[in-house]
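User: I would like to go through this model and its ligand site. Please keep the answers short.

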Amino acid sequence: MTQPVRPFHWEFTPEPIEREVFRIEGGVPLRGTVAVSGAKNAALKLMAAATLTGERCRFDNVPEIEDVRVMAGTLRDLGVVVDHAGPNRYEVASGDVEWLFVPLEAAARMRASFILLGPLLARFGRVIISNPGGDRIGRRPVNLHVDAMRALGAEIEYRNGYYFARAPGRLRGGDVVFPAVTVMGTENAMLGAVLADGHTTIRPAAREPEVDDLIDFLRKMGAQVERTAPDIIEVEGVRRLRGADHRLIPDRIEAGTFAVAAAVTGGGVRLEGAPCENLGAFLEVLTAIGVDVACGRDTIEVRGAPPASGAYRACDVATAPYPGLATDLQAPTVVLLTQAAGESRVHETIFEDRLEYTSELARMGARIELLDSTHCRIHGPTPLRGAELEVGDLRAGASLILAALAADGRSTIRGAHHVHRGYENIERKFLELGARIERVAEEVAAQAT
Ligand code: UD1
C-alpha cells in the first residue's frame with residue numbers, strides 16, 4: 001500500500017535548547033582513566049538503517065548525546081517506534097512509517113537527518129526531505145547525495161527548500177561515482193542500494209571506520225554489501241531486510257579529544273575501549289609533536305609534557321579523508337600545536353569554514369595567523385590564559401574546552417549545547433580526570449559575573 005505523504009499538517013515542537021556555559025578553571029594536569037563512548041557518526045546512520053526493515057533493531061553502546069536524541073525524535077515523528085531501552089541502548093522498530101517527511105526543523109538541528117533520504121526512498125519509494133545545506137544553516141551541500149540517488153533511478157525535484165524524491169517501482173542498482181570522497185554520501189548510496197533492484201557499485205567509497213560499522217550492521221540485516229577494494233563498495237540489492245542487533249564501535253574522535261586533553265595539560269590519561277587502529281594518522285601526529293603515546297589491545301595511554309615547556313615540536317599537518325588525519329580532530333590538534341616550539345602550518349582540506357574558532361584561541365594568547373579560510377600558521381609555545389569564549393559548533397567547542405583546561409585562570413565558554421551534540425557527559429569525564437569544570441545555565445553564569 002502506498003504511504004500517505006502529509007507534509008503540511010506537520011507540527012514540530014522541538015525541545016527548547018538549553019543555553020548553557022562551561023566554567024573552567026584551567027592549569028590542572030588531567031590524570032586517570034576515561035571510558036570511550038560509542039561513535040556518534042556510526043549511531044546516526046545505524047538508526048537510519050533500522051528504517052530499512054519493519055522488524056526491531058537493537059543497538060548497544062549508543063552514545064547518550066544530543067544528536068542521537070534528535071535522530072530518535074525525528075524518527076518518532078515519522079511514526080517509527082524508538083525505545084531508549086536503557087543507558088546506551090536504543091531499539092528501533094519501523095513497522096509503520098506515517099509521514100515520509102523530514103522537516104526543516106529536523107535538518108536545522110542536525111544535518112545528518114539527510115541520511116534518511118536513502119533508506120526511506122529504498123523502502124517506501126518516496127520521501128520529502130529538507131535541504132540541510134543552504135545558506136540558511138551552513139555551507140554544506142548535499143548535491144552528491146542527491147546525484148547518488150538519481151544514479152539509483154530516483155526522481156528528485158527541489159522546491160521551496162525541500163527535496164521531493166520518488167523511486168517509481170523500486171530503486172535500481174547502478175554506478176554511483178562521486179567526484180570526491182563523501183562519508184554520508186557513501187552511506188546514503190549504500191542505504192538506498194541494499195533494497196534496490198540489481199547491482200550497485202559505489203566509488204570512491206569513503207573508508208571511514210563508521211562506514212564499515214554500517215556495512216557490518218547491514219550484513220546482519222541480510223544485505224549483500226561488501227567493500228571489494230579499499231575505495232569500492234559493491235551491493236547486490238535484496239527484496240527484504242530483517243531486524244538485527246549491533247554494538248557500536250568506539251568514537252575515535254572522542255578518544256582523540258581526550259588524548260589531546262592529556263597532552264595539552266601535561267597529564268597522563270588512559271583511554272579505555274579506544275580504537276587505536278582507527279587513529280593511526282592522528283597518533284602519528286601526536287608522536288611527531290613529542291607526545292608519549294602507547295597503544296594496547298583496546299587502550300591508549302597518553303602522557304604529556306607541561307604546558308608551554310617547549311617539550312613539544314612544531315609540525316605541519318593537513319586533514320584528509322580516512323585513513324588521513326580526521327578533520328574532526330583538526331581543532332584539537334591546533335590547540336596542542338599552540339604548545340609546540342616553532343612554526344606549525346595547518347591545512348584543512350575537507351571543509352571551508354573550519355578554522356573560524358582560531359580567533360577565540362588567539363584571544364587566549366595563542367599566536368595564530370589565519371592565512372585564508374583553510375590555512376593557518378601557529379607560532380608556539382605560548383602560554384594560554386582564561387577568557388570569555390563563544391563556540392559556534394561541536395568540534396570547535398570541544399577544542400576551546402581543551403584550551404581552557406590548559407590555560408591559566410578561568411574561562412567561560414558559551415554555547416555548551418553544541419558540545420553536547422557529540423560528546424557524552426563531557427564535563428563528568430573531565431571532572432573524573434581532575435579538571436575543574438562545571439556546566440551552568442547561561443542566566444546563572446551571568447548572575448555570577
Ligand atoms: C561526515 C561526518 C563529519 C566529518 C565529515 C568528514 C557524520 C554525521 N559526519 O560528514 O563529522 O567531519 O564526514 O570526515 O558522519 N560535499 C559536497 N556535496 C555533498 C556532500 C559533501 O560538496 O553532497 C563536500 C563537503 O562540503 C565537504 C566534503 O564533501 O567539503 C566531504 O564531506 P562529507 O564527507 O560528505 O562529510 P559528511 O558526511 O557530511
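User: Which helix gives the most residues to the shell around the ligand?

Analyst: This is a predicted model, where local features need pLDDT of at least 70, side-chain atom pairs count only at pLDDT 80 or more, and totals for chains, interfaces and linings use all residues. Residues are numbered from 1 along each chain as its sequence is written, and side-chain values use heavy atoms, with hydrogens and water left out. Helices are DSSP runs (H or I, at least four residues), numbered from the N terminus. α1 (40-49), α5 (143-151) and α6 (183-193) each supply at least two shell residues. The top contributor, with three residues, is α5.

User: How many residues surround the ligand?

Analyst: A residue counts if one of its heavy atoms lies within 4 Å of the ligand. Among the closest are Arg111, Asn143 and Asp328. The total is 18.

User: What share of the ligand's exposed area does the protein bury?

Analyst: Backbone polar atoms of Leu144 and Val183 lie 2.7 Å and 2.8 Å from ligand oxygen atoms. Taken alone, the ligand exposes 740 Å² (Shrake-Rupley method, 1.4 Å probe). The protein buries 85% of that.

User: Where does the ligand lie with respect to the domains?

Analyst: Domain bounds come from an automatic or database domain assignment. Domain 1 (15-37 + 250-448) and domain 2 (40-247) both give residues to the shell. The ligand therefore lies between domain 1 and domain 2.

User: What percentage of the chain's residues count as buried?

Analyst: Buried means under 20% relative accessible area (1.4 Å probe, protein chains only). The chain has 449 residues. The buried share is 58%.

Definitions and conventions. Polar contact = N/O pair within 3.5 Å; in protein donor to acceptor, adjacent residues only side chain to side chain. Buried < 20%, exposed > 50% of the residue type's maximum accessible area, 1.4 Å probe, protein only.
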